[in-house]
Amino acid sequence: MIATRLVVDRDFVVGDLDRRVFGTFVEHMGRCVYTGIYEPDHPDADARGYRKDVMELTRELGPTIVRYPGGNFLSGYNWEDGVGPRDKRPRRLDLAWYSTETNQFGTNEFIDWCRELGIEPMYGVNLGTRGPDHARHFIEYCNHPSGTALSDLRREHGYEKPHDIKFWCLGNEMDGPWQICRKTADEYGRAALETAKLMRMVDPTIQLAACGSSTHDMATYGAWEDRVLDHCFEQVDFISLHTYFENRKDSTAEFFGNIEIMNLFIKEIVAVADSVAARKHSSKRIMLSFDEWNVWYKARSINDLRKPGWPEAPRLIEEVYNHEDALVVGGALITMMNNADRVKTACLAQLVNVIGPIMTEPGGKAWRQTIFYPFSQASKFGHGRVLQPIIESPSYEAETFPEIPYLCAAVVDDRASGTTTIFALNRHLTDEMTLDIELRGLGTTRTLDHAIELHHTNMKAVNTVDAPLTVAPSANTNVSVDGERIRAVFKPGSWNVIVTTAR
Ligand code: AHR
């Protein structure tokens, strides 16, 4: 048994938690759209072709914002191909994923799907094969009320009211050699600046994110953000971060180090963005959009990334998530919450089938992967302000990160309801953990609303279509509340959520 302690104080606040950190991502890639969210021939599809079982699971998952339409796909995409009568939409080669894109699903279908689920859409503009001219036309089509060729075209397509899309990504991973029409930092920074200017002229109410580095490991990491922001600082609100965690050494203890690296990544990008601000004598603060993150390493071979013959909706990167992956996803959510002052949007990549928390079979069932649970619980209970967690915990040393505390935790407090929620990982793989929590100044009479754990004795346990509940949450009966104090026992290698309300 290892002993740990967690103290928070009502007056020591990291920041307001922007609910947009619980976002996900839908890319035209593999089976994310086709046979994922959209499958008109499925027995459970609605009149518009949306799979109702996937909608139900998406509701339960609880994403607040969803990024669309890519990803690498974005850098070769013509938005015009995906609007208007379906029988007139062209079939195109998608050079990002060596697939055939039928364009039977596009901008308006995605907006309808989002509206039905109460999710905010996050759109991207193509700064690979295209640039500012296409972006200004696209936003005019989407957000301008009426009286111009493009806004009236949208109305002709059945959308009288503007879509009013607020959050826009200026391209995708433009530093990556794999990107269609990759750019240098100077080329991209200039393109982002001019595109942002034009888009804001059409709709001054939007928020814009410039592309940061594709991974923490890029050779140009840091310098890229510095150059890009040097060009477009005044015109953008966010810089993006992307990361995919890997367990290449097949060591859970090493794998957990990724959570600490994510924290470092955030702090470093904040430092770079603020140094650009300093150089410009500006008090403006650029916020962070972690708009692609997840575990992804098992389904990453060339065979997972492309299939021969330009197929439609092939099975690409259908990563099967195990218990340890769910713990790392939980740790990533804790890390982003603990950086609530600067991380204001984030997208678990992706939503369905393609490295997704939800899996489907074409014509068949849909089920929850292991990583579904920490995300759905964080989204359900993560409301309010994040409090500064003071953590006392023994640590271990790993090659991925020199000092990893066994306890990883975030505390979110909702003043309106009096509810305080503790999200915690026990990263010890063999020992139970006792946690003494002190909630200072948050009320002395409390009820315990929920104590939930995600635990499995086998780190490699997975959920499948035939055994969908192998890894699933259960109640933790080892949690007690006494005034400002909470005492909990966490199982080895577990994700835990404690929800308590002051009366
Ligand atoms: O999410 C899969 C791919 O990973 C995205 O298309 C790309 O942006 C990233 O490299």
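At 11% relative accessibility, T243 counts as buried (buried means under 20% relative accessible area, exposed over 50%, and partly exposed in between, with a 1.4 Å probe and protein chains only). T243 is part of strand β10; strands (E, at least two residues) and helices (H or I, at least four residues) are DSSP runs, numbered from the N terminus. Leaving aside residues up to four places away in sequence, T243 touches M262, F265, F290, E292, W293 and N294, where contact means heavy atoms within 4.5 Å. The model is predicted, with local features needing pLDDT of at least 70 and side-chain atom pairs counting only at pLDDT 80 or more, while totals for chains, interfaces and linings use all residues. Residues are numbered from 1 along each chain as its sequence is written, and side-chain values use heavy atoms, with hydrogens and water left out.

Strand β10 also serves as a packing partner for helix α6, whose buried residues pack against α5 (185-202), β9 (207-210), β10 (238-245) and α8 (257-279). Helix α6 (residues 223-232) has 7 of its 10 residues buried, so it is largely enclosed by the rest of the structure. The buried set consists of W224, E225, D226, V228, L229, H231 and C232. A second enclosed helix is α11 (residues 372-381): 9 of its 10 residues are buried, so the rest of the structure largely surrounds it. In α11 the buried residues are F372, Y373, P374, F375, S376, Q377, A378, S379 and F381.

The protein chain is assigned domain 1 (2-10 + 386-502) and domain 2 (18-84 + 91-121 + 223-381), with bounds that come from an automatic or database domain assignment. Taken over C-alpha atoms, the centres of domain 1 and domain 2 are 26 Å apart. To their contact, domain 1 contributes 43 residues and domain 2 contributes 35 residues. The size of an interface is often given as the accessible area lost when the parts come together. Here, the area buried between domain 1 and domain 2 is about 3300 Å², and carbon and sulfur atoms give 69% of that area (buried area is the accessible area, with a 1.4 Å probe, that two parts lose on being put together, summed over both). M459, V465 and W495 supply 18% of the area that domain 1 buries against domain 2, more than any other three residues.

Polar and charged pairs also cross this interface. There are 4 salt bridges between domain 1 and domain 2, a salt bridge being a side-chain nitrogen of Lys or Arg within 4 Å of a carboxyl oxygen of Asp or Glu. In addition, 15 residue pairs, with both residues at pLDDT 80 or more, are in polar contact across the interface of domain 1 and domain 2 (a pair of N or O atoms within 3.5 Å; within protein, one must be able to donate a hydrogen and the other to accept it, and residues adjacent in sequence count only if both atoms are side-chain atoms). On the side of domain 1 that touches domain 2, at least two residues each come from β15 (385-387), β18 (404-405), β19 (407-414), β20 (419-426), β22 (446-455) and β26 (494-502). That side of domain 1 has 30 nonpolar, 10 polar and 3 charged residues; Ala, Val, Leu, Ile, Met, Phe, Trp, Tyr, Cys and Pro count as nonpolar, Asp, Glu, Lys and Arg as charged, and the others, Gly among them, as polar.

The structure holds 47 salt bridges. One of them joins the side chains of K460 and E324 (2.4 Å, N to O). K460 lies in the loop between β22 and β23 (474-475) and E324 in helix α10 (residues 323-337), so this pair ties together parts that are 136 residues apart in sequence. K460 is partly exposed, with a relative accessible area of 38%, whereas E324 is buried at 0%. E260 and R427 also meet through their side chains in a salt bridge (2.7 Å, N to O).

Within helix α1 (residues 52-61), E56 and R59 lie 3 residues apart, about one turn of the helix. E56 forms a salt bridge with R59, and their closest N and O atoms are 2.9 Å apart. E56 counts as partly exposed at 46% relative accessibility, and R59 is partly exposed with a relative accessible area of 40%. R59 is also touched by E116, which contacts R48 and M55 too, not counting residues up to four places away in sequence. E116 sits in helix α2 (residues 107-117) and is partly exposed, at 38% relative accessibility.
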